Amino acid sequence: MEFIYLFVGLVIGLLVGVLMRKQLSASEQQLKQMQQQVEQSEQSLQQYQQDVASHLENSTQLLSQMQQACSAAMVQMEQSTRLLDRANQRTSDMPFFSAEADAHLRANPEASKRTVRSSVTDLTEAPRDYADDPSGLFGDEKQVVTNNAS
């Protein structure tokens, strides 16, 4: 009888062991899956961080290039301004009239005033576009074509 008890205990122990093994195996598989998900998440986070770092580096380079271009434009504008200032100084040093003409204008201020001609024109004569003898060029008459290509 003891042998039967021992045998039944062994079978029950085996059944309990197999069930426990299955239970532990399932939780172990879930643990492995979770570890894989964590590793994938860490890899994607690292990739994202690298992408952000590379984007920021590119942005920094572009801003640096923009700053250099703006600096070059500012230098160009300063040079252009200096050239215009020099040109303005040269033209202000040069008189509009010669010295003799300037002296004459200062001596005779009345001569510099414009005189308005008040001539009376003969209003009986028609203007040229309304001539007395029309040529008929702009009339409604049909004109004869002399250079036919046929």
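## Working through a helical model

R82 and E78 sit four residues apart in helix α1, which is about one turn of the helix. Keep in mind that this is a predicted model.

**Exercise 1.** Work out what links R82 and E78, and whether each is buried or exposed.

*Solution.*
- Start with the general idea: side chains of opposite charge can pair when their charged atoms come close.
- Now check the distance: the closest N and O atoms of R82 and E78 are 3.9 Å apart. The cut-off for a salt bridge is within 4 Å, so R82 and E78 form one.
- Next, the surroundings. R82 has 45% relative accessibility, so R82 counts as partly exposed. E78 comes out at 42%, so E78 is partly exposed too.
- Finally, the tally: the count for the protein is one salt bridge.

**Exercise 2.** Find the nonpolar patch on the surface and place I12 in it.

*Solution.*
- The patch is formed by F3, I4, F7, V8, V11, I12, L15, V16 and M20. Together they have about 890 Å² of accessible area.
- I12 belongs to helix α1, which covers residues 2-93.
- I12 has a relative accessible area of 48%, so I12 is partly exposed.

**Exercise 3.** Describe the whole protein: its secondary structure, its buried share and its surface.

*Solution.*
- Count the elements first: there are two helices and zero strands.
- Then the burial: of the 150 residues, 0% count as buried. Buried here means under 20% relative accessible area.
- Last, the surface: the accessible area is about 15,600 Å², and 57% of that belongs to carbon and sulfur atoms.

Conventions
Residues numbered from 1 in each chain as written. Predicted model: local features only at pLDDT ≥ 70, side-chain atom pairs only at ≥ 80, totals over all residues. Heavy atoms only, no water. Buried < 20%, exposed > 50% of the residue type's maximum accessible area, 1.4 Å probe, protein only. Areas by Shrake-Rupley, 256 points an atom, 1.4 Å probe, with all protein chains shown as cover. Patch = residues over 30% accessible without salt bridge, like charges linked within 9 Å, V, L, I, M, F, W, Y side chains within 5 Å. Salt bridge = Lys/Arg side-chain N within 4 Å of Asp/Glu carboxyl O.
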